[in-house]
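The following exercises concern salt bridges, a sheet and enclosed cavities. Each task is followed by a solution in steps, to be compared with the reader's own work.

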Amino acid sequence: MDFAHYIGGEWVGDSDVTTNTSPANRDDVIGTYARGDAARVDQAVSAALAAQPDWASASPQLRHDVLERAGALIVERKDELGRLLAREEGKTIAEAVGETVRASQVFKFFAGEALRNTGDAVASVRPGIDVMIEREAVGVIGLITPWNFPIAIPAWKLAPALAYGNAVVMKPAELTPGCAWELAKILDEAGCPAGIFNLVMGPGSKVGARIVEHEDIAAVSFTGSVATGRQVAVDCAARGKKVQLEMGGKNPMVVVDDADLDVAVGASLNGAFFSTGQRCTASSRLIVTAGIHDAFLDKLTAAAADLVIGDPLDAKTQIGPVVDQGQLDQNLEYLALAATEGCDVRGGGLGNGNGFFMHPAIFAGASNQMRVSREEIFGPMASVIKVADYDEALAVANDTEFGLSSGICTTSLKIATDFRRNAKAGMVMVNLPTAGVDYHVPFGGRKGSSYGPREQGSYAREFYTTVKTSYIAP
Ligand code: NAD
């Protein structure tokens, strides 16, 4: 075994391992990572429970300094970490380095937030009594993360958890333990006290399930698929735990007749296909009004065909592989389904090389009722749905069980404003791809996409703290 769990400030090995290989080259072995079980989670929770009270009651300067140093170490090592990320997840090196820089920014932002944990002082309705409202740490928090943003998502859960005085047991996705392991090393180097951050790698069915059921874990933040997330919520509710879920999307990008065609094609190409379409915020439904539809479709088809598919470590590559054989098989099934459902499928063939490469696919002539337009595919594929006008476009955009990100391309302030007001989504993008967000503002959605308080920015405090109201009669 090359890479151990991090528990109570120690590296703890296991005889069972996961071999981490690159989706771009199946012969490229990144390393063998310890594969834990329920007992490892129990060990990590004990360490976290013992360490958390001192961390929460310490000066916020300590928490600030640890997070600030972690942010600095990440950005110092951005090229090396970005390379690891590109190898283990498959996104391009530019995207991977960008994600790594984002993780650093998140740590630095929450270093500042550790110093800004303000409360309220309110006059009591009863004379002579003071009322204070403060936010305290929740306790030990379980973090369960997906493979598609293997450094940014752990960072945006970890940094606020630590900033507000919690201890953490984190379980990364089995496909991408490498970036999470490097974060553990960086927090160790940054002086995070033993037991405050614990990393337990392994399968969701054992490690993830134990995090959810452990009675001393007070809250669980989960990002992943809808099916797993809903079960996590049910299991947390049954145990009275706080829970936050970020799940799937079927994000619409509306293009109306007055849109700038180049802006619309650029935003759709990026939103649908970059990061190989493996983003919860990907634009998988391109809803286009009749007057611009044909020009848009032709230009998008040509631009998609020109995208360079290949080795994520090659700077010329624009689309890396999909993450594993299971995801590739599922993508190919959806590709076949699109044809069966009556779409004119453009692109989508397998790429060359010893990895899970496929070309982006456009499902022209799709309707919003087809399965390919309703189910999250999580690959480089998008439906193009023709509608009569803006009103129909808005109705189709909102006709989905998801509600994460919703985009529109238009040059009309009136239409943009109406869309911003009426899109049933947590995030709205005007003349921008549905994917691509800032780190200092809330991230999250509605309906089937999210559950519980928002992540990121100062709104993250809602989940990672608990409120105490004190009444003081002097
Ligand atoms: P997944 O649900 O398969 O796994 C997510 C995590 O849950 C993994 O760490 C996994 O090991 C763990 N897990 C699995 N079974 C579990 C169980 N029984 N109990 C506890 N934990 C368990 O998702 P994935 O395939 O890793 O990620 C892709 C999904 O993530 C997509 O649906 C995507 O939309 C979603 N996602 C959402 C966001 C967002 O912020 N909304 C961001 C990124 C990805």
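**Exercise 1. Classify the partners of a salt bridge by accessibility.**
Determine whether Arg346 is buried, partly exposed or exposed, and then treat its partner likewise.

Solution. The model is a predicted one.
Step 1. Arg346 has a relative accessibility of 23%. Buried means under 20% and exposed means over 50%, so Arg346 counts as partly exposed.
Step 2. The salt-bridge partner of Arg346 is Asp344, with 3.2 Å between the closest N and O atoms.
Step 3. Asp344 has a relative accessible area of 39%, and therefore Asp344 is also partly exposed.

**Exercise 2. Compare the surroundings of two further salt bridges.**
Establish the class of each partner in the bridge between Arg116 and Glu113, and in the bridge between Glu68 and Lys108.

Solution.
Step 1. In the bridge of Arg116 with Glu113, the closest N and O atoms lie 2.8 Å apart.
Step 2. The relative accessibility of Glu113 is 8%, so this residue counts as buried. Arg116, at 47%, counts as partly exposed.
Step 3. Glu68 and Lys108 meet through their side chains, at 3.3 Å from N to O. This pair links distant parts of the chain: Glu68 belongs to helix H2 (residues 60-76) and Lys108 to helix H4 (residues 93-114), and the two are 40 residues apart.
Step 4. Glu68 is partly exposed at 29%, and Lys108 is partly exposed at 32%.
Step 5. For the wider setting, the structure holds 21 salt bridges. Asp16, Arg35 and Glu174 are linked in a network of such bridges.

**Exercise 3. Describe the sheet that contains S12.**
State the order of the strands, identify the edge strands, and describe how S12 pairs with S13.

Solution.
Step 1. Strands of a sheet pair through backbone hydrogen bonds, in either the parallel or the antiparallel sense.
Step 2. The sheet is open and has seven strands in the order S14-S15-S16-S13-S12-S17-S18, with mixed pairing.
Step 3. Strand S14 (344-347) and strand S18 (427-430) each pair on one side only, and these are the edge strands. From one strand to the next, the twist averages 20°.
Step 4. S12 and strand S13 (residues 283-289) are joined in the parallel sense over five bridges. Met253 stands opposite Leu286 in S13.

**Exercise 4. Characterise the enclosed space.**
How many cavities of 30 Å³ or more does the structure hold, and what lines the largest and the second largest?

Solution.
Step 1. Rolling a probe the size of a water molecule over the atoms shows where empty space is left. The structure holds three cavities of 30 Å³ or more.
Step 2. The largest cavity contains about 90 Å³ of space. Its lining has 14 residues, and those nearest the centre are Gly277, Ala282, Ser284, Glu376 and Phe378.
Step 3. Sorted by class, the lining of the largest cavity comprises six nonpolar, five polar and three charged residues.
Step 4. The second largest cavity has a volume of about 50 Å³. Among its 13 lining residues, Pro252, Ala397, Thr400, Phe402 and Gly403 lie nearest the centre.
Step 5. At least two residues of this second lining come from each of strand S12 (251-255), helix H13 (390-398) and strand S17 (405-409). The classes here are five nonpolar, six polar and two charged.
Step 6. The solution can be joined to Exercise 3: S12 and S17, which contribute to this lining, are also strands of the sheet described there.

Key. Residues are numbered from 1 along each chain as its sequence is written. This is a predicted model: local features need pLDDT of at least 70, side-chain atom pairs count only at pLDDT 80 or more; totals for chains, interfaces and linings use all residues. Side-chain values use heavy atoms; hydrogens and water are left out. On a 1 Å grid over the protein atoms alone, a cavity is a set of points where a 1.4 Å probe fits but cannot get out, and a pocket is an open set with protein on both sides within 12 Å along at least five of seven lines; lining residues have an atom within 4 Å of a point. Grid points are joined across faces, edges and corners, and a volume is the space filled by probe spheres set on the points. Ala, Val, Leu, Ile, Met, Phe, Trp, Tyr, Cys and Pro count as nonpolar, Asp, Glu, Lys and Arg as charged, and the others, Gly among them, as polar. Helices (H or I, at least four residues) and strands (E, at least two) are DSSP runs, numbered from the N terminus. A salt bridge is a side-chain nitrogen of Lys or Arg within 4 Å of a carboxyl oxygen of Asp or Glu. Buried means under 20% relative accessible area, exposed over 50%, partly exposed in between (1.4 Å probe, protein chains only). Two strands pair if DSSP finds at least two bridges between them. Axes are lines fitted to C-alpha atoms, for helices over the stretch in contact, and angles run from 0 to 180 degrees between N-to-C directions.
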